[in-house]
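User: I'm new to reading protein models and would like a close look at one part of this one. Could you pick it apart for me and then show me how it sits in the whole chain?

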Amino acid sequence: MIRKNSKLVHGIALASLIAAGSAGAAISDEGVVIGYLDDMNGTYSDLAGPAGRVAIEMAIEDFGKTVKGKPVTLISADHRNDPATGSSIAREWLDQESVDLITGLNSSSVAISVTRLVREKNGFAIVTTAASDSITGEHCTPNHFHWVYDTFAVSDPAARAIVEQGGDTWFMLSADYAFGHSMEAAVEKAVSESGGTLAGKARHPFPSSDFSSYILQAQSSGAKVIGLASAGTDLVNAINTASQFGVVESGQSLASLMVFITDMKAIGLDKAKGTKFVTGWYWDMDEQSREWAKRFHDRVGRMPTMVQAGNYSAVTSYLKAVEATGSDDPKVIREYMMANPIDDFFSRNGRVREDGRMVHDMYLAEVKSPEESAGEWDLYKILATIPAEEAFRPLSASKCELVKN
C-alpha cells in the first residue's frame, strides 16, 4: 500500500480551495487601496510613523504600482494612539474609501479595536507596529495577521537569558495598557520558570514624561534587574532617568525589552552600551538587509527600524497574494498567505500560522560601545539567532479561537 504524503495532500487540497474561492472573487472597486493607520506625531512616531509610510511607498513602487493591471493606492492617517479615533478612521475607510488592507496600527489598544471592526466589516488587516501577543491570542480574528514581533517574542527569550546569567531578581516597570501588561506577564512567567523572582512592579501612564518616582521605587526594591516594558519616547525617558539616578553605577542593570534603533540612537551608546535585547530585524545583519536599508536611508535620512522593514514585507506579501489569486477577498488572501512561505530580506523561515501570527527568526542583540561602533548607525551586534518555532508563543498555549486542538 502506498502511503500518501500528508503535507502534499494538504497542499493540493488547500490550493484547490484557494482556486475555488478565487473563481468567484476578483479585485474589487477597480484597484487595491492600502490604508496605513499609525501614530504619526506622538510617542511611537519615530519607530514607525511617517517613515513607515515611506517603507510602504517603496513596496508599492517596487511592485510596479499595479497588481493585475489595476492601480495600487496608499492613504494614511494618525490614530493619535486612541482606540476610538482609530476605529472611527478605519470605519470611514472601510465604508467610504474601499480600503482593502489596513496596516500599521501602533498601540495594542488601537490594534485590538480596529481588528474587531475589520472582522465585523469583513475587511483585512496586517498589524505591524503593535506588540501585544493577545492580538493573535484571545483577540485573534480570521481577518487579520500580526507580522513583525510581539511581547512574548521580545521578552520571554531575553528574560530567560538574563536570569541564566545571574540576573535572578527583577523589578518590572511597565506601560499601563495592553502592550505593557502582556510584556509584564510574559517576563514574570519566564523569570519564575527560570528560577528567578519578581521583587516588585509598577505601571506608568502612557505616555509619561516623569519617571523619577518609578525609578526610585525600582532602586529601593533591591532587584538586580529593572525590566522596562515601554517603547518609543517612554523608553528613552525611562533610561535617561535611570542614568541620572545612577542605577547602573549602583549595581543594578536595565533590561530594555522593547528596543528600536531610533531609541538607542536617541539615548546614545554611552548610556545604552551593553544592553541586551531581542529584535526582529537589524539593517546591518546581512547583504539583503543592507541593500534595502540603504535605499530607505537615501529617502529618509536614517536607517529603518524593524517595524519599518516589516511594513515593506507585509505589504509586499499582501500584494503577492492579490497577484497570485486575482482577488482581494479576505478569505482568499488569508488562505493563500497561510499556504505560502514568507521569504524576503525581513523574514527568514517565515510562515503565517492558523492564529494569524507570522512566525520568523528573531535575534538576540547587544548595543555596541562607542569604541566598537564604526559609524553613525552601527549600533548593534547580533549575538544569536532564535529559530522561528522557538521565538513565539507555541500554538499549544494559544488562546485563539481559530486554533484547532
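User: Where is Phe245 found, and which residues does Phe245 touch?

Analyst: Phe245 is found in the loop between helix H8 (232-244) and strand S10 (253-256). Keep in mind that this is a predicted model. Is Phe245 buried, partly exposed or exposed? Its relative accessibility is 29%, so Phe245 counts as partly exposed, because buried would need a value under 20% and exposed one over 50%.

Now for the company Phe245 keeps. If you skip residues up to four places away in sequence, Phe245 touches Ser212, Ile215, Leu216 and Gln219. You can also check a distance along the way: His204 is 41 residues from Phe245 along the chain, and the two C-alpha atoms are separated by 18 Å.

Let's zoom out to the domains. The assignment for this chain gives domain 1 (32-149 + 287-359) and domain 2 (152-279 + 361-390). The C-alpha centres of these two domains lie 27 Å apart. Where they meet, 25 residues from domain 1 and 24 residues from domain 2 take part in the contact.

What about the inside? The largest nonpolar core has 107 residues, and those with the most contacts inside it are Trp147, Tyr149, Trp170 and Met264. Helix H12 (residues 306-325) gives the most to this core, namely ten residues. Both domains feed into the core, with at least three residues drawn from each of domain 1 and domain 2. Take Met264 as an example: leaving out residues up to four places away in sequence, Met264 touches Leu235, Ile239, Val259, Ala272, Val367, Leu379 and Tyr380. There's also a second, separate core of 20 residues, and Leu37, Ala90, Ile112 and Val118 are among them. As a bit of background, nonpolar side chains in soluble globular proteins tend to be buried together.

For a contrast with Phe245, try His360. His360 is found in the loop between strand S13 (358-359) and strand S14 (362-367). Here the relative accessible area is 0%, so His360 is buried. A polar atom of the His360 side chain lies 2.7 Å from the backbone oxygen of Val148. The list of partners, leaving aside neighbours within four places in sequence, runs to Trp147, Val148, Gly280, Phe346, Ser347, Arg348, Asn349, Gly350, Ala388, Ala391 and Phe392. You've already met Trp147, one of the residues with the most contacts inside the largest core.

Ser327 is another loop residue, and you'll find it between H12 and helix H13 (330-339). Ser327 is buried too, because its relative accessible area is 0%. A polar atom of the Ser327 side chain lies 2.9 Å from the backbone nitrogen of Asp329.

Pro142 gives you a further loop to look at, the one between strand S5 (125-127) and strand S6 (144-146). At 27% relative accessibility, Pro142 counts as partly exposed. Not counting residues up to four places away in sequence, Pro142 touches Arg119, Arg334 and Leu402. Met337 is 195 residues from Pro142 along the chain, with 12 Å between their C-alpha atoms.

And here's one from a helix: Ala51 lies in helix H2 (residues 49-62). With a relative accessible area of 6%, Ala51 is buried. Ala51 is in contact with Phe296, Val300, Arg302 and Gln308, once neighbours within four places in sequence are left aside. Met303 sits 252 residues away along the chain, yet its C-alpha atom and that of Ala51 are separated by 10.0 Å.

Finally, the whole chain. There are 14 helices and 15 strands in it. Along its principal axes, the C-alpha trace spans about 65 × 55 × 40 Å. Why can we compare the chain with a compact globule? A compact globule of 405 residues would have a radius of gyration near 22 Å, and the chain has 21 Å, so the two agree. Of the 405 residues, 58% are buried. Contacts between residues 24 or more positions apart account for 71% of the contacts with a separation of 6 or more. As for the outside, the accessible surface comes to about 16,200 Å², and carbon and sulfur atoms hold 49% of it.

Definitions and conventions:
Residues are numbered from 1 along each chain as its sequence is written. This is a predicted model: local features need pLDDT of at least 70, side-chain atom pairs count only at pLDDT 80 or more; totals for chains, interfaces and linings use all residues. Side-chain values use heavy atoms; hydrogens and water are left out. A nonpolar core is a set of buried Ala, Val, Leu, Ile, Met, Phe, Trp, Tyr and Cys residues joined through side-chain atoms within 4.5 Å. Buried means under 20% relative accessible area, exposed over 50%, partly exposed in between (1.4 Å probe, protein chains only). Helices (H or I, at least four residues) and strands (E, at least two) are DSSP runs, numbered from the N terminus. Domain bounds come from an automatic or database domain assignment. Contact means heavy atoms within 4.5 Å. The radius of gyration is taken over C-alpha atoms; the globule rule is 2.2 Å times the number of residues to the power 0.38. Accessible areas come from the Shrake-Rupley method with a 1.4 Å probe; for residues, only the protein chains shown count as cover. A polar contact is a pair of N or O atoms within 3.5 Å; within protein, one must be able to donate a hydrogen and the other to accept it, and residues adjacent in sequence count only if both atoms are side-chain atoms.
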